[in-house]
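Dear colleague,

I am passing on the structure we talked about, and below it you will find notes on some of its helices and strands. Please read them with the model open beside you.

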Amino acid sequence: MHWFFHLIACQSGEVRFEQPELIAAALVPKGTYEIGIPTSMYPTDTLLSRRVTLTYDYLIAATEVTLAQWLRVRPELPAQYCTDDELQVLSRNHPVRCVSWCEAVLFSNAVSRMDGLEPAYEVVGDFDWDISAIHCNERAQFVRLDPKASGWRLPTEAEWEIAAHGAQAKPNFERIEKSPEKMAWFKETSDNRVHAVATREPNEIGLFDMSGNVFEWTWERYAAYRSTQVTDPFHFEVLIPQIYTRPIKGGGFMTPKEKLPVYSRANASPSLRHGSIGFRLVRTWAP
């Protein structure tokens, strides 16, 4: 069985998901991008305005991984926080949630194998779907990423933020802040519940729910930034001792409006399964 995807137009507009188990993806070209908090807001070491140069193109999924996409790979839905009756009435186009960072890594490799791609992650030891919270937190530190592999993976924090800004060289901070209700499900608009993907307007390259709905796991360990200019940041830069968490980006359906800007940073233990956390896939693009 193969897992197919299709490219979507790199502009705003309606994207129809006629086969919701398939991945729709947008292409982000290599180049230099400005990300982070505006300099006028006095950035700190962990929230820094900086310039990121990417030497490769990458694909990023138009939506968060959905229940339909999860079920094509895994016969069971995640359990913790999601075993109530609400789960049974969610559509196949709702984002999967209550998945740990470790499960997102395993899912990425599984999708890659189904698509005949080279898995991006190397995992060691007893790293499987039944991994305990303690072992997940411990062994997450030893997962290795091959950034040149063709397979699906979690985005780096920089990749996620560049895509959230619509792959613009200079971000438009007012776009989401002026009319967030058009593009995001958040505390003031969500009615305290998660919504199906792609039910708000997309950004400039056709990505949905980059703000709100569910937080999204990213790849690297949470850390301070190294400098205001960096190339291909695949790994943490300045170690924060005793911090082993992973960044989660974008906010969720219970996030207040003022916390929605894409430069906002939150983090969680790799083992955390929570009803407000899901994920989205990317892969390095080599046609």
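Two strands are said to pair if DSSP finds at least two bridges between them. By that rule strand β8 (residues 215–217) pairs with strand β10 (residues 246–249), since two bridges link them in the antiparallel sense, and Glu216 stands opposite Lys249 in β10. Please keep in mind that this is a predicted model.

These two strands belong to an open sheet of four strands, whose order is β11-β10-β8-β12 and whose pairing is mixed. At its edges stand β11 (266–268) and β12 (277–278), each with a single partner strand, so one side of each is left without a neighbour in the sheet.

There is also an open sheet of three strands, again with mixed pairing, in the order β3-β4-β9. Here β3 (31–35) and β9 (229–231) are at the edges, and because each has a single partner strand, one side of each lacks a neighbour in the sheet. From one strand to the next, the twist averages 20 degrees. Strand β4 (residues 50–54) runs parallel to β9 and is joined to β9 by three bridges, with Thr53 standing opposite Thr231 in β9.

Helix α5 lies across β3 and β4, and runs at about 85 degrees to β3. This helix, residues 157–164, is mostly covered, as eight of its eight residues are buried; among them are Trp160 and Ile162, and also Glu157, Glu159 and Glu161. Just after α5 comes Gly166, which takes a positive phi of about 75 degrees.

With best wishes

Conventions. Residues numbered from 1 in each chain as written. Predicted model: local features only at pLDDT ≥ 70, side-chain atom pairs only at ≥ 80, totals over all residues. Heavy atoms only, no water. Buried < 20%, exposed > 50% of the residue type's maximum accessible area, 1.4 Å probe, protein only. Axes fitted to C-alpha atoms, helices over the stretch in contact; angles between N-to-C directions. Contact = heavy atoms within 4.5 Å.
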